[in-house]
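Biologist: Before we begin, I should like to learn how such features are read. Could the model be displayed first?

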Amino acid sequence: MPLSKNHPILKKLVLLSFLAGSLSPLFCHPIPDIPIIGNFNSDGNSSILVEIDPRCFVDDPESEPFLTASAFKDLSQSDKARLLLQAENLTKAAFTLRFGQAAWSLPTFSFDFAFRDGGETSEENIALIQGLYHTLLDSNSSFYQIRSLESAPYDLIFTNQIDGKPQRRVNVLFPGEESFKFDLSFIEPIEVLGEEEVDPSGGLAERSVEEEANGGGSTFLSFARQGFVHVLPLGLDHILFVLGLFFLSRKWKPILYQVSVFTVAHTITLGSATVGLIRAPSSVVEPIIAASIAAVALENVFFPKYRHSRLILVFAFGLIHGLGFASVLASYDLDAVSLVFGLLGFNLGVEFGQLTVIAIAFGLTWWIREEFLYRKLVVVPGSIIIAALGIYWTVERVFL
């Protein structure tokens, strides 16, 4: 269907695309959360590591490019010192910790820059800021725990290692929440009795069986909640894509077909990208996600009837959306078992998130019984708004 430049739908799209520009910072995926990694040795030597992406310090992190190795070299000493100070202040606003029954506090961290492979996000290595706290614990430190402050600007990822081995149980903490109590009963001082030396690793062998048994379930539930929140309310671009699927038809079969195909597709790439089987730069993935939103919405406007051929488009875009979701889990250094539980939980959370979006949309529109009226009041104007946002995001993510 050829459209003239004066077509009313095109006029609306242009106007709404300009309006979307002022709202675009609200519609970006959040940057990865802040990992707090406890490293504990059976001899009591321990450290806590905080890793901060410098993009945390800007108002719209997703619009800010990663700090690449070459960009880091161009920074002045004062710029580098400012970033380290910002990391220190962010850490103070993010959490406190305690060992055993000691009072909650935040010890003094030393901050410096570190580099890692940019992976699918950048062809260069990217610069991060790491805060490190060293301590020597004894057997009186029965457990370790962190508390996310109400002022925490991002969610925290609570992970731990014992003698270099990542532990299964992981917590995703929202502001104001406390982590589980990480058992430190394996730490025992070495005692020398004559010529015999008591090896503290025996404590590690007997370490809480319950901790390991419950670790997978706790990680699953923690990441399930993270997956849900990543869709609702934080993932507005994903919300709009799901609404685009729903708007075409409220009949249960078209909805079931589309959601099922989309779920299968993004599950494939979410799992594959998370375990490193496939890689795609975010500079490619994010514009295609935005374009997919516009494409589905425009199809609702110009092709009002459901066709099975639409499932091919939904499947293709579902593969791309899965790559976008994978950036969340791929940024965490989890052991294999925790990664599987986290992947399953996150994916389930995403599914519940999108089903909730559909349920809310149906609840708000069920009273419009006449299909002609539903299309006039909901489908066409709603799809035009969604398409305008998708077009704007596509242009923004490619050129701006």
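Modeller: A residue counts as exposed when its relative accessible area is over 50%, as buried when under 20%, and as partly exposed in between. Please note that this model is predicted.

Biologist: Is Phe399 buried or exposed?

Modeller: Phe399 has a relative accessible area of 65%, and is therefore exposed. Its place is in helix H11, residues 371-399. Together with Ile391, Val395, Val398 and Leu400, Phe399 forms a nonpolar patch on the surface, with about 520 Å² of accessible area in total.

Biologist: How do H7 and helix H10 pack?

Modeller: An angle over 145 degrees between N-to-C directions counts as roughly antiparallel. H7 and H10 (residues 336-365) pack at about 155°, with their axes 11 Å apart, so H7 is roughly antiparallel to H10. The crossing of H7 past H10 is right-handed.

Biologist: Which helix holds Val264?

Modeller: Val264 lies in helix H7, residues 252-274. With a relative accessible area of 46%, Val264 is partly exposed. Its C-alpha is 7.8 Å from that of Gly318, although 54 residues separate the two in sequence.

Biologist: What should one look for in the backbone?

Modeller: Most peptide bonds are trans, and most residues other than glycine have a negative phi. Here a cis peptide bond joins Leu232 and Pro233, with omega of about 20°. Pro233 sits in the loop between helix H5 (209-231) and helix H6 (236-248).

Biologist: What is phi of Asp163 near?

Modeller: Phi of Asp163 is near 50°, a positive value in a residue other than glycine. Asp163 occupies the loop between strand E7 (156-162) and strand E8 (165-166), and is partly exposed at 38% relative accessible area.

Conventions: Residues numbered from 1 in each chain as written. Predicted model: local features only at pLDDT ≥ 70, side-chain atom pairs only at ≥ 80, totals over all residues. Heavy atoms only, no water. Patch = residues over 30% accessible without salt bridge, like charges linked within 9 Å, V, L, I, M, F, W, Y side chains within 5 Å. Areas by Shrake-Rupley, 256 points an atom, 1.4 Å probe, with all protein chains shown as cover. Salt bridge = Lys/Arg side-chain N within 4 Å of Asp/Glu carboxyl O. Helix = DSSP H or I, 4+ residues; strand = E, 2+ residues; numbered from the N terminus. Buried < 20%, exposed > 50% of the residue type's maximum accessible area, 1.4 Å probe, protein only. Axes fitted to C-alpha atoms, helices over the stretch in contact; angles between N-to-C directions. Parallel < 35°, antiparallel > 145°, perpendicular 65-115°, else oblique. Left-handed = near helix turned anticlockwise from the far one by under 90°.
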